[in-house]
Amino acid sequence: MAQPDTKKIFFENLSGTGKAIAVLTSGGDAQGMNAAVRAVVRMGLYVGAKVYFIHEGYQGMVDGGENIEEASWESVSSMLQVGGTVIGSARCKEFRSHEGRLKAAHNLVLQGITNLCVIGGDGSLTGANLFREEWSGLLTELVDQGLIEADAVQKYSALHIVGMVGSIDNDFCGTDMTIGTDSALHRIIEVVDAIMTTAQSHQRTFVLEVMGRHCGYLALVSALACGADWVLIPEMPPEDGWEDKMCQKLSANRAGMKRLNIIIVAEGAIDQNNRPITTENIKNLVVKCLGFDTRVTILGHVQRGGTPSAFDRILASRMGVEAVLALLETTANTPACVVSLRGNQSVRLPLMECVQMTQEVQRAMDGKRFEEAVKLRGRSFENNLRTYKLLAHRKPESELPVSNFNVAVLNVGAPAAGMNAAVRSAVRVGISEGHKMFAVSDGFEGFYKGQIREIKWADVGGWTGQGGSLLGTKRTLPAKHVEKIAEQMRMNNINALLIVGGFEAFLSLLELITARGKYDEFCVPMVMVPATVSNNVPGSDLSIGADTALNAITTTCDRIKQSASGTKRRVFIIETMGGYCGYLASVGGLAAGADAAYIYEEPFDIKDLQANVEHLTEKMKTSIQRGLVLRNENCNENYTTDFIYQLYSEEGKGVFDSRKNVLGHMQQGGAPSPFDRNFGTKISAKAMQWVTKKLTETFRQGRVFANTEDSCCLLGMRRRALVFQPVVQLKDETDFVHRIPKEQWWLKLRPLMKILAKYKTSYDVSDSGQLEHVIRNRPKESDGSVAM
């Protein structure tokens with residue numbers, strides 16, 4: 001249950017009364033920009049400020065007139081799920097001139113606007129900062145020209161700027177993810193998954209070009225997410241002679257019975273001499289050297305289009321609210337900042353520090369200092385590159401270390417999308433470390449029955465994009481069969497265990513560590529990687545599979561709401577999974593634009609239900625046509641989905657009608673999202689490297705013996721880092737009756753959902769982003785990144 005925090009600071013003391021905030025989108029569009037605009041408008045109105053749209057970016061600011069329009073609560077309804085930017089975006093040459101910025105300043109002063117929220121790339125944000133620096137001089141000029149009164153210089157003395165980075169390329173230093181990147185990865189992976197089926201049918205090689213003129217992030221992460229054979233990016237040009245190495249790799253994969261090859265190329269890919277590498281070059285090379293049937297697909301602007309992913313909606317909504325808070329707190333001496341995300345934490349960074357670091361990357365690339373460029377890109381980028389190299393390119397047997405250790409991998413609990421990516425990563429990293437890897441089918445049930453087999457590098461090829469659990473998974477706990485499991489450990493000489501699973505996996509490790517007192521076979525390193533759609537594992541803020549489930553919920557809610565378009569007013573009651581954990585209902589509600597979300601962690605009674613119905617009734621009368629209410633499956637044993645449906649149906653008579661939908665196991669199915677593929681891949685690789693380290697440390701007198709608390713750990717994401725935590729130490733943090741952690745970070749997002757749904761509530765800003773500085777990537781920090 002959520003614990004009250006006496007140190008909470010609420011934003012009631014940050015009044016926006018008398019302030020005017022304008023929001024604009026500039027440069028290229030990105031999915032999720034509309035969610036950011038919506039959040040800025042609604043949070044701005046909520047704190048009492050006037051909020052304005054500036055249509056068509058800086059061009060609209062220069063032209064003024066109808067391009068600067070006051071926003072209302074209703075004006076941002078039904079835009080959360082829309083791609084692109086509904087307020088328009090344009091590149092403006094005129095704003096680059098002093099005269100253009102003078103016109104823009106005049107137009108802002110006419111509306112009393114001194115707070116700007118700019119959503120765009122580094123060029124747009126650099127322009128905003130220049131505008132801010134010139135502001136007082138521009139006002140003096142306007143007075144001299146007689147365009148504004150002299151007292152306006154004092155009244156509007158400072159222009160405050162907060163930026164949000166909207167760019168699918170994820171090329172802005174200082175932030176783990178920019179708005180639009182995750183959605184672009186969704187588009188790419190959808191295409192790659194579709195291409196792989198036809199490529200397999202005809203034994204073809206496909207060369208795919210993705211966006212990224214100066215940044216290879218999309219190419220690198222999509223290659224990691226689909227298990228591509230080769231990737232070419234501008235930050236790390238291939239070494240001389242790469243053509244032969246690539247052809248050898250493709251040929252070896254075909255010889256290993258792989259029926260297709262995927263090569264991913266960033267549009268800005270170059271060789272060591274800064275010469276461009278094009279898709280046609282690669283196609284001709286493969287045809288000439290190998291004679292493979294090869295096709296080229298250029299994804300182009302498909303990557304910018306479509307509806308935003310759940311991740312981008314949540315990111316943009318959080319950043320929009322954070323941007324308004326930053327504007328409320330700013331003073332004349334506060335530097336322009338960008339609101340950003342690191343791990344799952346909001347941060348504020350000085351805008352120009354980020355811009356300068358971003359420009360430094362390009363200078364390093366121009367100077368052929370490619371390793372420096374990779375480091376400057378940040379921890380996330382460097383970690384992605386290292387993991388891709390580790391998993392895509394198998395070392396020759398002669399170069400592999402010989403460890404003589406046997407490591408078993410198994411899935412425990414309910415299936416979750418991304419489990420297979422985690423297993424593939426563990427197997428390949430383990431083989432690279434010199435271990436013999438064993439796969440256990442059907443969890444601990446298969447373990448005690450002896451369903452254990454050696455698993456090779458090629459056996460896990462193509463696993464990354466597959467949903468469910470290819471190993472098979474069961475909820476069976478080991479305690480009842482501990483003797484037989486110990487026997488199997490002894491027979492197969494298993495020296496370490498890596499478990500991928502949910503709450504049952506956590507319970508299993510607790511049972512195994514207890515069994516160490518009786519069976520030495522369990523005195524081996526054991527580590528767990530959290531994988532469950534419920535996201536209810538203690539010790540980790542996120543679990544593999546939760547993002548895929550959120551996208552399933554969000555997409556379904558979009559379709560359900562769309563089904564009511566053109567009909568009378570309607571409210572939908574949607575039941576989500578999660579056991580007693582309200583993560584899917586709460587965060588899914590934020591992503592789908594829900595009006596309410598009922599969860600176990602936040603008790604409610606009939607008065608709360610009645611207040612929600614009355615609130616929705618009022619909104620239906622004045623503005624919205626469709627309402628959305630989410631309910632976690634175990635939120636209350638008496639207020640069931642049927643009860644809530646009937647209550648809303650009865651109380652809404654004459655204003656709206658109601659429908660209900662139980663989403664069920666569709667939340668567990670489907671192909672894993674790009675986030676879950678990459679999260680599973682990277683967290684599992686780190687877990688296997690920990691296993692290797694522990695095996696080395698605990699190998700004494702010809703055997704492995706590990707019986708300390710820190711030899712049985714859960715690897716979880718905590719705020720901004722991946723942390724190994726002894727499972728015994730997590731017992732105090734766990735509500736075992738309801739199978740949830742006692743404290744859950746996402747509960748702080750619930751007021752945000754309520755504010756955006758027009759409820760009066762308090763928002764805890766004690767965790768709000770504080771102004772930090774951009775720091776260069778340090779090698780020892782690099783493997784702590786958990787963003788994609």
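Here is a chat about helix 19, two cavities, a hairpin and a sheet in a predicted model.

Q: Before we start, what kind of model is this, and how are residues numbered?

A: It's a predicted model, where local features need pLDDT of at least 70, side-chain atom pairs count only at pLDDT 80 or more, and totals for chains, interfaces and linings use all residues. Residues are numbered from 1 along each chain as its sequence is written, and side-chain values use heavy atoms, with hydrogens and water left out.

Q: Great. Helix 19, then: how many of its residues are buried?

A: 10 of the 10, across residues 583-592, so helix 19 is largely enclosed by the rest of the structure. Buried means under 20% relative accessible area, exposed means over 50%, and partly exposed is in between (1.4 Å probe, protein chains only). Helices (H or I, at least four residues) and strands (E, at least two) are DSSP runs, numbered from the N terminus.

Q: What do those buried residues pack against?

A: Among the partners are helix 10 (310-329), helix 18 (546-562) and helix 23 (750-756). Strand 18 (570-576), strand 19 (596-598) and strand 20 (626-632) are also on the list. Contact here means heavy atoms within 4.5 Å.

Q: And what follows helix 19?

A: Gly593, with a positive phi near 75 degrees.

Q: Switching to empty space: how many cavities are there?

A: Two of 30 Å³ or more. On a 1 Å grid over the protein atoms alone, a cavity is a set of points where a 1.4 Å probe fits but cannot get out, and lining residues have an atom within 4 Å of a point. Grid points are joined across faces, edges and corners, and a volume is the space filled by probe spheres set on the points.

Q: What lines the largest one?

A: The largest cavity holds about 280 Å³ and is lined by 20 residues, with Phe311, Leu542, Tyr583, Phe675 and Trp745 nearest its centre. Tyr583 is also one of the buried residues of helix 19. Helix 10 gives the most to this lining, with four residues.

Q: How does that lining split by class?

A: Into 15 nonpolar, three polar and two charged residues. Ala, Val, Leu, Ile, Met, Phe, Trp, Tyr, Cys and Pro count as nonpolar, Asp, Glu, Lys and Arg as charged, and the others, Gly among them, as polar.

Q: What about the second largest cavity: what is its volume?

A: About 70 Å³. Its lining has eight nonpolar, three polar and no charged residues, including Met164, Thr175 and Leu315. Strand 10 gives the most to that lining, with three residues.

Q: New topic, the hairpin. How do strand 24 and strand 25 pair?

A: Strand 24 (residues 712-718) and strand 25 (residues 721-726) are antiparallel, over six bridges. Two strands pair if DSSP finds at least two bridges between them. Gly716 stands opposite Val723, and Arg719 in the turn has a positive phi of about 55 degrees.

Q: And the open sheet, what's its strand order?

A: The order is 7-8-6-9, four strands with parallel pairing. Strand 7 (230-232) and strand 9 (294-298) are at the edges with a single partner strand each, so one side of each has no neighbour in the sheet. Strand 6 (residues 205-210) and strand 8 (residues 261-266) are joined by six bridges, with Phe206 partnered by Ile262.

Q: Last one: is Arg213 buried or exposed?

A: Exposed, at a relative accessible area of 57%. Arg213 sits in the loop between strand 6 and helix 7 (217-226) and touches Pro234, Glu267 and Gly268, not counting residues up to four places away in sequence.

Technical notes. 1 Å grid on protein atoms, 1.4 Å probe; cavity = no way out; pocket = protein on both sides within 12 Å on 5 of 7 lines; lining within 4 Å.
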